[in-house]
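Me: I would like to learn how to read a model like this one, feature by feature. Could you walk me through it?

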Amino acid sequence: MTATTHRPRRSVLYMPGANTRALEKAKTLPADSLIFDLEDAVAPDAKIEARENVCNAVKGGGYGPREVCVRINGLDTDWGADDLKAAVAAGPDAILAPKIIDGGDIDRLNDAMSRAGAPDDMALWVMIEMPKAILNIQDIAEAVGRTRLTTFVMGTNDLAKELRAQAKPNRQIAFGASLSMAMLAARAYDIVAIDGVYNDIKNEDGLRAECEEGAAMGFDGKTLIHPSQVGICNEVFAPSPADVEQAQAVIEAFADPENAGKGVLKVNGKMTELLHLAEAKRLVAVSEAIEAMQG
Ligand SMILES: CC(C)(COP(=O)(O)OP(=O)(O)OC[C@H]1O[C@@H](n2cnc3c(N)ncnc32)[C@H](O)[C@@H]1OP(=O)(O)O)[C@@H](O)C(=O)NCCC(=O)NCCSC(=O)C[C@H](O)C(=O)O
Ligand SMILES: [Mg+2]
């Protein structure tokens, strides 16, 4: 399975499977991707009902260009195996598995998806939220070539709990090593990387700063918990008009016959090498994909 496409995943919004209002409202929100949650956001007594709600919502459709993902409970819980079978049968774009710790977990999830009849293009996303997952990150990433694995989703709330760490005043103190290890593995193995959630819903400045930090680290987008967070996230994780303009200038400069055979050029005053051409092409493709998605 191809892990990285230019499909935008700037904003990836969670909603509890027990909240039918949120599942419906998601059809109108400008999020790139949606995660219908059966795990942490659903109380044990509501798990079965949430599974039914989510599967009905996925089967019912109406989410337009938004990518739809179902987060199941762990396969070692009372609900995980049935969640996975029901979710695969409903036909989302991806299944998200929580609390995985090594490559063996990816193989087990992949096998379970295949046994449940998942089509070839149904992806496996995994939460990177356990200390052992960070320590085993290369073993996990190596599963990308042999399984449906495409995407890492950082689980900074569970990481904080496991590490007994605090995201404030500076989350890099708490999560810097974990975020960087996951990013390194993601890029080394062509895996999409989505940053963790920002819990302080009313704090727009704080959200923007954390989005900017995630984008600077290389994350493709950020997971979100409330509709009010989508706009800022879409803005920060989209290539800026100035970046797109510069990228187009780089592409044009290298395509100019006058520059044939040159490995380094000056474009708008900036030293530009062939390695910048690949990134310029990616950036323009992402920008075009965002435009296409917005219709
Ligand atoms: C946090 C919330 C419980 C707040 O809900 P509420 O009080 O209802 O918010 P509002 O009144 O401000 O809602 C306004 C309208 O927006 C809809 N809404 C709210 N949240 C969502 C959402 N996530 N998706 C879609 N729609 C949403 C409300 O229904 C209102 O609609 P309307 O009636 O038309 O006015 C709530 O926001 C919430 O439940 N958020 C998601 C929580 C969640 O899914 N958590 C699990 C993922 S976080 C995590 O665990 C990550 C990882 O595993 C880790 O370890 O870090
Ligand atoms: Mg979690």
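Me: Where does Arg 164 lie?

Reply: Happy to start there, and please keep in mind that this is a predicted model. Arg 164 belongs to the loop between helix 7 and helix 8.

Me: What is the value of phi in Arg 164?

Reply: The general idea comes first: most residues other than glycine have a negative phi, and most peptide bonds are trans. In this structure, Arg 164 has a positive phi, near 55°, and is a residue other than glycine. The loop between helix 7 and helix 8 (171-188) also holds Pro 169, and the peptide bond joining Lys 168 to Pro 169 is cis, with omega at about 0°.

Me: Let's turn to the ligand. Which residues come nearest to ligand 1?

Reply: A good way in is to list the shell and then look at its contacts. Ligand 1 has 22 residues around it, and those that come nearest are Arg 21, Arg 71, Asn 157, Ile 225 and His 226. By class, the shell has 11 nonpolar, four polar and seven charged residues.

Me: Which polar backbone atoms should I check against the nitrogen atoms of ligand 1?

Reply: For polar contacts, look at N and O pairs within 3.5 Å. One polar backbone atom, in Ile 225, is 2.7 Å from a nitrogen atom of the ligand. Tyr 14 also offers a polar backbone atom, 2.8 Å from a nitrogen atom of ligand 1. On the side-chain side, Glu 129 places a polar atom 3.1 Å from an oxygen atom of ligand 1. On its own, ligand 1 has 1,000 Å² of accessible area, and the protein covers 67% of that.

Me: Which pocket does ligand 1 take up?

Reply: Ligand 1 occupies the second largest pocket. Strand 1 (11-16), helix 1 (20-25) and helix 7 (156-163) are the elements that give two or more residues to the shell. Strand 1 gives the most, with four residues.

Me: Then what about the largest pocket: how much space lies in it?

Reply: The largest pocket holds about 530 Å³ of space. A pocket can be read through its lining, which here counts 23 residues, with Phe 219, Asp 220, Phe 237, Arg 282 and Val 286 nearest the centre. Helix 10 (230-237) and helix 12 (274-294) are the elements that give two or more residues to this lining. Its classes are 10 nonpolar, five polar and eight charged residues.

Methods
Residues are numbered from 1 along each chain as its sequence is written. Chains are lettered from A and ligands numbered from 1 in the order in which they are written. This is a predicted model: local features need pLDDT of at least 70, side-chain atom pairs count only at pLDDT 80 or more; totals for chains, interfaces and linings use all residues. Side-chain values use heavy atoms; hydrogens and water are left out. A residue is near a molecule or strand if one of its heavy atoms lies within 4 Å of it. A polar contact is a pair of N or O atoms within 3.5 Å; within protein, one must be able to donate a hydrogen and the other to accept it, and residues adjacent in sequence count only if both atoms are side-chain atoms. Accessible areas come from the Shrake-Rupley method with a 1.4 Å probe; for residues, only the protein chains shown count as cover. On a 1 Å grid over the protein atoms alone, a cavity is a set of points where a 1.4 Å probe fits but cannot get out, and a pocket is an open set with protein on both sides within 12 Å along at least five of seven lines; lining residues have an atom within 4 Å of a point. A molecule sits in a cavity or pocket if more than half of its atoms lie within 2 Å of its grid points. Ala, Val, Leu, Ile, Met, Phe, Trp, Tyr, Cys and Pro count as nonpolar, Asp, Glu, Lys and Arg as charged, and the others, Gly among them, as polar. Grid points are joined across faces, edges and corners, and a volume is the space filled by probe spheres set on the points.
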